[in-house]
Every structure is written in C-alpha cells, then in structure tokens.
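Biologist: I am new to this structure and would like a close look at a single part, the aromatic rings inside the fold. Please take your time, and follow the neighbouring parts as far as they help.

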Amino acid sequence: MTKKMSKAFTGLAVFSLAGAALAGCGSSAGNNSPDQAGASNAPKEQTVTWLSARPENGAIVQTVKELADRFAADHPGFKLDLQVTADRPSYLTKLRTLVASGQMPDFIDSDADPFAQELVNGGLLVDMEKFLKDEGMYDKFYEPALKYQALPDGSLYLLPMEYHMEMTWYNKKIFADNNLTVPKTLDDLLAVSKTLKDKGITPIAVDGVDVWPVLRYAAMYPFRTTGNQFIRDLSQGKANMSDAAGMQAANFASQIGKYFQDGFATTDYTTAKNLFLNGQAAMYNMGTWEIPSFVEESLPEGLKGNVDYFYLPTTSNAVTPDNEFFGNSGIGLGASAKTFDGLPKEFLSYVLKNYSDVYVAKQQMSPLKFTIDDESKFSPLFLRIKKDMDNYGSEFAKPWDTLLDPNTNSVMSDLITKLTMGFITPEDFAKQIDEAIAKNTAGK
C-alpha cells in the first residue's frame, strides 16, 4: 500500500482476512495460468473481478454476464469473476476488508458516499468522467443518471448501470368517487389526504420497515425550495435541521404521517404495495422498478384501468422545475485505478457500448440514451414513462440516506419514524438531528 493510500485509510479498521470467504477476490487482469488452461499453447487466462452488491438474478447482473460471454468469444482466456453479495451490510464489510488489505477487485459497487470519497482521496478509483470522455461516451448517458453518481464536489468516479424515476401511483376510481383531482402542490397532497381520511379511506400506503420510503416525504419540501443544496449542506454540517428548510421538512413529515396506514412502522415493502394493489389505499409512492406490477395485465381485476401516476407536486416558492423530482441511477460502478488500464478498461468499454441493447430488452430503463425501434415489444406504460424520461430535467432529488454519514443515517431513521407517528414534535426532531450532525461531522 502506498503512503498516500495508507494516509487515506488510517481511519479504517484493519480486518483479518477470512480466507475461504474472500478467496478469489482482489485478482486482476493479466493473471497467466497456462496450466489451468490445460495446454501449453492455450490462451492465457485473464480474470477480471467484480465485487457486486446487486441481486444475483437482477437484470444488471444478467446483462453483464451475457455481455461477458460475448466479450470472451473474441478474447480467448477472458473470464469475469463476478462475486455477488446482495446483502448490503455484508457486502460493505467484505469490500472494506479487501480495500484495507490491498486486494481491491477490478470493479466494485458503491454509492457516492463518504467511503467512496475516501477511495478517491486515496487514489484508488478511476476518474470516470475522463474515461467516458476519452471513449466518446459521456454525452451518451442521461445527464441526471451521471449527476446522481457525482461526489459532493461534482467529480465522477462511479458509473450508473440503471435509471429510475419515482412517482406516486394513485387509484383513479377512489379519486373520482370522492371528486378529487391530482395534487399539484404539496399542500394539495395534504388536503387530498385529509379528505380521504375523513371519509374512512386510507390515503397513503407506505413501507415503514425499510424507512427510506418514509424519509422520502421529509425530503420533498427541501428539494422543491432549495434543490439538493439543503441536504448537501446538512450532511456536511453547513446547515441545520432547525433552519427554515429543515423545519419545513419536519413539519411536512409530521403532517403527512397522519395519512399513512395504521401500523405503517411495521409494514414491509410487499405488504405496503399490496395495500395499494388490493384497493385498500388510494396512493403509493414508488419508482419505475415497479413498472411490471402496474402494467394492465398484472393488475388485479378491480384495479384494471384505474391506476395512474403523478410526479412530485411543487410548492409556491419552488426553485426546481416540475420535471425534476426523485429518481436514482442506483448504486454506482467503480473501477480500481491500480488495475484498470488493459483488459478491465477494454471490457468496460465493450459493456457500455452494448449495454442498452441487452438491458432494455429486459424491459429496463437504461442510463444510456436509447431508442425503441419496435414498440410492440413494450407495454404502453413503459413507453409512456420512457417519454417522461426523455423530457426529464437535469438533476434528481437526492435521497437523504445516500448523503448522510452512517451514524447520522441511523439516528435519522429512528427519528423520522417517531416523527411521522406523532411521538415527537418537529422541534424535537430537528434538535436531535442537529446534535447528531454536529457530533458526526466534527473534525471532518
């Protein structure tokens, strides 16, 4: 490990390697194994490693595997060693262990979080903006997808492999039966929710177990009134939750929480979705990864023709346009600066240039701009959202949990549930968040 790397990782715990669990990690292109190839004149085995936190059977992993097979056909001896650890805490422990021991894989998955910043500071990650521009690929990505992966200073060391937008799905029949229209502002959303609750209808189904769907509601007001500036400043200790933007967030979360289903804090992802799909709740906020659940052929009989969506309502003092709202390009892909030049670089270039053709065929929205030649292969809902995607603004609303440090995230997750359940006041919420931010950003 270089002096620069050592300095960057003085704060990391030194893990002992669990040999069996980590066997095979940290390898890189250029490994020569003629004996394993079985003949003296056999092609050199060249293994590229990718430690991934994505689902094993998900469209991204399956797409990369398919492209790796095609790449191998023209590169005898090439092998992609794709190691999937979909459980995020286990993945992060494994990644940190490998990095601390100097065995960073050729490719890794990472959010644009403080750990990724540490890797950049240590000179361990490839500058992806430079790579994309060198390859003539930078402008082929959707701008919001790239910006989502940027670090706070705007630098780009992670690549998007997916593209999602978030919306509120609503039951058109419930709205029509109660003379309600789609809310244009966040105040309208509160008013619509109150009307529904007064009539004995559950306004909003939400997954409280995973917390992040609840936290989205707190982030709505600040994004409309400051863009992503408030949460970026808050995460760095440059703003307080007790500031005006923070109190708007806390007050809105406190009010909207009254309209979640009873017992939402113990409701998991699937149960919340089913509350909406069974007609037991009027609205459900979730992203385009759920398109397969909302196409007509998938809907329950009673909901066919009765589901539509709207994007984040605005505010009277909004600074963000209506066509910017929550979305994400998922966890990013980083490359080891130590091993990138050579086969890993060639492989990544091949993947990106062929990615959309394979990924979109799996009914997925690619972060690389794409066109659809045969619309008969896609649902009307997919095609409609594709048009929304093409007309999107320039930046996604950043989920708060991707910017806050892990310790503050833990505090925020606990307090946002208490706030939306009415167990604490917005003032108490702000005070405790500010204390956590001050403690966890001190000296940074």
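**Aromatic rings and their surroundings**

Modeller: Phe-326 has a relative accessibility of 4% and therefore counts as buried, since the cut-off for that word is under 20%. Please keep in mind that this is a predicted model. Phe-223 counts as buried too, because its relative accessibility is 3%.

These two residues belong together, and they stand among the 28 aromatic pairs that a search of the whole structure finds. The ring centres of Phe-223 and Phe-326 are 6.3 Å apart, and the pair is called tilted because the planes meet at 40°. Phe-223 sits in helix H11, while Phe-326 sits in the loop between strand S7 (307-310) and strand S8 (327-328), so that the pair links distant parts of the chain, 103 residues apart.

A second pair can be read in much the same manner. With centres 6.1 Å apart and planes at 50°, the rings of Phe-230 and Trp-400 form a pair that is tilted. Because Phe-230 lies in helix H12 (residues 229-235) and Trp-400 in the loop between helix H17 (380-390) and helix H18 (406-421), this pair ties together parts that are 170 residues apart in sequence. Both partners are buried, Phe-230 with a relative accessible area of 5% and Trp-400 at 3% relative accessibility.

Trp-400 leads on to the nonpolar interior, for it is one of the residues with the most contacts inside the largest nonpolar core, a group of 90 residues in which Trp-169, Met-283, Ile-385 and Phe-429 are named beside it. Helix H11 (residues 212-226) gives this core its largest share, eight residues. Another core, of 35 residues, lies apart from it and includes Phe-71, Phe-141, Leu-159 and Tyr-359. As for Ile-385, and leaving out residues up to four places away in sequence, its contacts are Met-165, Met-167, Trp-169, Thr-288, Ile-291, Tyr-309, Tyr-311 and Met-365.

Several of those names return when the rings are taken as a group, since Trp-169, Tyr-309 and Tyr-311 are members of one aromatic cluster, which also includes Tyr-142, Tyr-148, Tyr-163, Phe-276, Tyr-284, Phe-294, Phe-325, Tyr-392 and Phe-396.

Following Phe-276 from this cluster takes us to helix H14 (residues 269-277), where it is buried along with Tyr-269, Ala-272, Lys-273, Leu-275 and Leu-277. The cover over these buried residues includes strand S4 (164-171), strand S5 (202-205), H11, strand S6 (281-287), helix H15 (291-294) and S7. Just after H14 comes Gly-279, which takes a positive phi of about 75°.

Positive phi values are worth a pause, because most residues other than glycine have a negative phi. Val-211, which is not a glycine, nevertheless has a positive phi of about 65°. Val-211 is found in the loop between S5 and H11, and it counts as buried because its relative accessible area is 15%. Gln-363 likewise has a positive phi, near 65°, in a residue other than glycine. Gln-363 lies in the loop between helix H16 (343-360) and H17, and at a relative accessible area of 36% it is partly exposed.

Following Tyr-148 from the cluster instead leads to Ala-112, which touches Tyr-148, Gln-149, Ala-150, Leu-151, Leu-158 and Thr-402 when residues up to four places away in sequence are not counted. Ala-112 is found in the loop between strand S3 (107-110) and helix H6 (114-121), and with a relative accessibility of 11% it counts as buried. Its C-alpha atom is separated by 7.8 Å from that of Leu-403, although the two residues are 291 residues apart along the chain.

To set these details in the whole, the protein chain has 19 helices and nine strands, and of its 444 residues 55% count as buried. The pairs that join distant parts of the sequence can be read beside one further value: among the contacts with a separation of 6 or more, 76% are between residues 24 or more positions apart.

Technical notes. Residues are numbered from 1 along each chain as its sequence is written. This is a predicted model: local features need pLDDT of at least 70, side-chain atom pairs count only at pLDDT 80 or more; totals for chains, interfaces and linings use all residues. Side-chain values use heavy atoms; hydrogens and water are left out. A nonpolar core is a set of buried Ala, Val, Leu, Ile, Met, Phe, Trp, Tyr and Cys residues joined through side-chain atoms within 4.5 Å. Buried means under 20% relative accessible area, exposed over 50%, partly exposed in between (1.4 Å probe, protein chains only). Helices (H or I, at least four residues) and strands (E, at least two) are DSSP runs, numbered from the N terminus. Contact means heavy atoms within 4.5 Å. Rings of Phe, Tyr and Trp (its six-membered ring) pair if their centres lie within 6.5 Å; planes under 30 degrees apart count as stacked, over 60 as edge-to-face and the rest as tilted.
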